[in-house]
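Here's a quick walk through one model, with an eye on a sheet, a helix that packs on it and a pocket. Have the viewer open as you read.

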Amino acid sequence: MTCSQDLVWNGIRREKLRMKCGSFYIAKDRASKPQGDDSHFIYGVGGWSKHGVDAGLYAAELINNSLLATLTQPLTQVDPMKVLDEAFSKTKAQGSSTACIITLQEGNMLHAVNVGDSRFMVIRRGEIIYKSPIQLHSFNFPYQLGNSANCAKPRQAQVIKVRVEAGDVIIAGTDGLFDNLFELQILATASKGIEQDLGAEEMVWETAQLAYQTSRDKAAVTPFMEASKRGGRFRDGGKGDDITVIVSRILGA
């Protein structure tokens with residue numbers, strides 16, 4: 001997403017910004033190659049295999065329909081809620097999925113919708129200035145979109161708006177990231193990447209790899225371990241899970 005004109009608000013000139021993204025997906029038992037694109041979508045599924053349902057079918061159809069929905073809207077005015085509504089209405093597969101859609105709109109505002117336990121944070125000058133909340137029914141039981149009666153609907157999604165500026169870094173991910181790494185660990189990894197002037201593709205690899213290594217460490221102290229104790233489950237170590245991470249750097253025109 002690239003813009004070159006300036007905006008003038010109340011006599012103050014502000015440049016339009018662009019968002020450069022890198023994404024990485026690591027399955028529980030294998031890693032995929034990084035993708036240096038402008039993807040702003042995250043979906044997560046789980047728990048359906050024991051019912052004989054391919055857990056990935058619903059998520060794959062939902063994300064494909066989301067991508068198609070963005071093509072009907074102006075590039076710098078993509079409305080994540082409209083995208084989610086349209087994609088949900090056209091997705092007919094069995095299963096369910098969490099969803100997080102983030103876009104950079106005119107006015108240098110991040111617009112996002114989120115259903116479930118995927119989340120994102122905005123880092124500015126070495127500090128976390130925003131972190132999105134999550135939606136849980138109970139421990140390890142997130143809201144999920146789906147066609148069954150007890151699944152969430154798009155109207156239950158959180159709608160989020162955050163103003164950004166050049167130099168900001170957005171870290172978005174599924175629970176496979178945030179259940180295994182504490183916020184300060186993610187911040188430290190991002191800050192190191194910023195200091196080394198790494199691109200989004202390089203930064204996302206470092207973050208995803210650290211989450212994966214932690215997920216396989218039975219002695220690791222993790223957010224999921226602490227949450228399990230609060231929920232009366234007492235589960236030690238990292239959480240084996242699929243891990244999706246998207247790192248976005250906000251750049252000037």
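What is the order of the strands in the open sheet of five strands? Going across, the order is 3-14-13-7-8, and the pairing is antiparallel. Bear in mind that this is a predicted model. Strand 3 (17–26) and strand 8 (127–131) sit at the edges, each pairing on one side only. On average, neighbouring strands here are turned by 20° against each other, direction ignored.

**Around strand 7**

Strand 7 has a partner on either side, strand 13 and strand 8, in the order given above. The two pairings look like this:

| Pair | Direction | Bridges | Opposite Met121 |
|---|---|---|---|
| Strand 7 (119–124) and strand 13 (169–173) | antiparallel | five | Ile171 |
| Strand 7 and strand 8 | antiparallel | four | Lys131 |

So what does Met121 face in strand 13 and in strand 8? Met121 stands opposite Ile171 in strand 13, and opposite Lys131 in strand 8. Strand 7 and strand 8 also make a hairpin with two residues between them. In that turn, Arg125 has a positive phi of about 50°.

**The helix across the sheet**

Which helix lies across strand 3, strand 13 and strand 14? That's helix 5 (residues 200–215), running at about 35° to strand 3. Strand 14 covers residues 243–252.

**The second largest pocket**

Now for the second largest pocket, with a volume of about 370 Å³. There are 18 residues in its lining, and Arg119, Ile134, Asp179, Pro223 and Ala227 lie nearest the centre. Strand 9 (136–138), helix 3 (175–178) and helix 6 (223–230) each give two or more residues to the lining. Helix 6 gives the most, with five residues. If you're wondering about the chemistry, the lining residues divide into nine nonpolar, two polar and seven charged.

Arg119 ties this pocket back to the sheet: Arg119 is one of the residues nearest the pocket centre, and strand 7 starts at residue 119.

**An aromatic pair involving helix 6**

The model has three aromatic pairs. One of them is Phe139 with Phe224: the ring centres are 5.3 Å apart and the planes are at 35°, so the pair counts as tilted. Why tilted rather than stacked or edge-to-face? Because planes under 30 degrees apart would count as stacked and over 60 as edge-to-face, and 35° fits neither. This pair links distant parts of the chain, 85 residues apart. Phe139 is in the loop between strand 9 and strand 10 (141–142), while Phe224 belongs to helix 6.

Key
Residues numbered from 1 in each chain as written. Predicted model: local features only at pLDDT ≥ 70, side-chain atom pairs only at ≥ 80, totals over all residues. Heavy atoms only, no water. 1 Å grid on protein atoms, 1.4 Å probe; cavity = no way out; pocket = protein on both sides within 12 Å on 5 of 7 lines; lining within 4 Å. Points joined across faces, edges and corners; volume = space filled by probe spheres on them. Nonpolar A, V, L, I, M, F, W, Y, C, P; charged D, E, K, R; others polar. Pairing = 2+ DSSP bridges. Axes fitted to C-alpha atoms, helices over the stretch in contact; angles between N-to-C directions. Contact = heavy atoms within 4.5 Å. Phe/Tyr/Trp six-rings, centres within 6.5 Å; stacked < 30°, edge-to-face > 60°.
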